Amino acid sequence: MLPFRRVAILGDGGMGTALAVLLARRVEQVWLWSRSREYHDTLVARRENVRYLPGVQIPDEVRLTCETEPITETDLWVVAIPTVYLRQTLAQLRPLASCPTPAVSVAKGLEIATFARPSQIICEELGPRPVAVFSGPSHAEELSRGLPTSMVVAASDQDQARAVQTLFMSDRLRVYTQTDTIGVELAAALKNVIAIAAGISDGLGFGDNAKAALLTRAIPELIRFGTAFGACRETFFGLAGIGDLITTCISRHGRNRRVGELIGRGMPLVSVLGGMQQVAEGVYTVRSVYEKAQRLGLDLPIATEVYRVLYQGKAPQEAVLDLMMRQPKGE
């Protein structure tokens, strides 16, 4: 028997929809909650998330809502709202704070003003509760179509982690557990920044050598950054770290990689973002990471150059040159 019978997915983006599709025939009830009544009506009419996950049919078993009442009657909340919108969206759901329902976060990013991780924002806005973090190389486009995927769920309470593992584990989705929620969330956030750098490399026409070097040298940055905040070094060699980093930096589905690619081709950031329907979290995360690294004296050369390209008008070619010409040192 599954540990959760009624699940609410908060957020109707690509990942929220993919997880609803995945759970449709596994649990007694699965609700997909929309912030926008207008888009909720579109989902009801089409039974397809044409904006965020086109071509994937939403099964009849998935119940669609933009009301809060059904959410109060569920056993688990899966929070699939982009970090940049997370706090303001959850503020609409503060009446749910009285419900002791455990939550799972699949958001990947950091809040700019506060440096808060998604799990922290959930507890601040909806009240203290057990929050697990579900992450790894998992593009919604592939997950929703049943392509083999592996992810990791981290929670301080191992019973909660195992319960979430049992809920999602299948012959198409392999789920591992661990306890390092800080590391998993920070790895998920910083890898989006590196993905922008990978996209810039692609946009400039660099080859496989450059991409391989970039991903390899990104690992020390992830470790340096994460361990400064109490994360475990080993986490960055797992699915949430190097696994998600590889997928995000090479996949055609990667929004952050696509942002970088367009910038590498010479398109201004404002034009890139204006043409996107989905959120590229790395664009916002890099500001938090850069500002925090500056205050703490952390050496993050790749993230620093991404920040300078996005927010200080530095030419991508100049950023690459500065990375290549840094002081020689041992590996």
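Which helix is His40 found in? Let's start there, and keep in mind that we're looking at a predicted model.

So, His40 sits in helix 2, the stretch covering residues 37–46. Is it buried or exposed? Buried, because its relative accessibility comes out at 10%, and the cut-off for that label is under 20%. If you skip the neighbours within four places in sequence, His40 is in contact with Ser34, Leu64, Thr65 and Cys66.

Okay, on to the sheet. It's an open one, with 8 strands in the order 5-2-1-6-7-8-9-10, and the pairing is mixed. Which strands stand at the edges? Those are strand 5, residues 62–65, and strand 10, residues 173–178. Each has a single partner strand, so one side of each is left without a neighbour in the sheet. On average, and ignoring direction, neighbouring strands here are turned by 25° against each other.

Let's zoom in on one pair. Strand 1, residues 6–10, runs parallel to strand 2, residues 29–33, and the two are joined over 5 bridges. As one example, Ile9 has Leu32 in strand 2 as its bridge partner. There's also a helix packing on this sheet: helix 5, residues 118–126. Helix 5 touches strand 6 (76–79), strand 7 (103–105) and strand 8 (131–135), and its direction makes about 145° with that of strand 8.

Next up, helix 7, residues 158–168. Its buried residues are Gln160, Ala161, Ala163, Val164, Leu167 and Phe168. Looking down the axis of helix 7, you'd see those buried residues fall within an arc of 160°, so they line one face of the helix. As a bit of background, an α-helix has 3.6 residues a turn, so residues three or four places apart point the same way. And have a look at the N-terminal end of helix 7, which is capped by Asp157. One of the side-chain oxygens of Asp157 lies 2.9 Å from the backbone nitrogen of Asp159.

Last stop: Val286, over in helix 13, residues 281–296. Val286 counts as buried because its relative accessibility is 0%. What is Val286 in contact with, leaving aside its neighbours within four places in sequence? The list is Val193, Ala303, Val306, Tyr307, Leu310 and Tyr311. And if you want a sense of distance across the model, try Val286 and Pro59: they're 227 residues apart along the chain, and their C-alpha atoms are separated by 37 Å.

That's my tour, thanks for listening.

Key:
Residues numbered from 1 in each chain as written. Predicted model: local features only at pLDDT ≥ 70, side-chain atom pairs only at ≥ 80, totals over all residues. Heavy atoms only, no water. Helix = DSSP H or I, 4+ residues; strand = E, 2+ residues; numbered from the N terminus. Buried < 20%, exposed > 50% of the residue type's maximum accessible area, 1.4 Å probe, protein only. Contact = heavy atoms within 4.5 Å. Arc of directions from axis to C-beta. Polar contact = N/O pair within 3.5 Å; in protein donor to acceptor, adjacent residues only side chain to side chain. Pairing = 2+ DSSP bridges. Axes fitted to C-alpha atoms, helices over the stretch in contact; angles between N-to-C directions.
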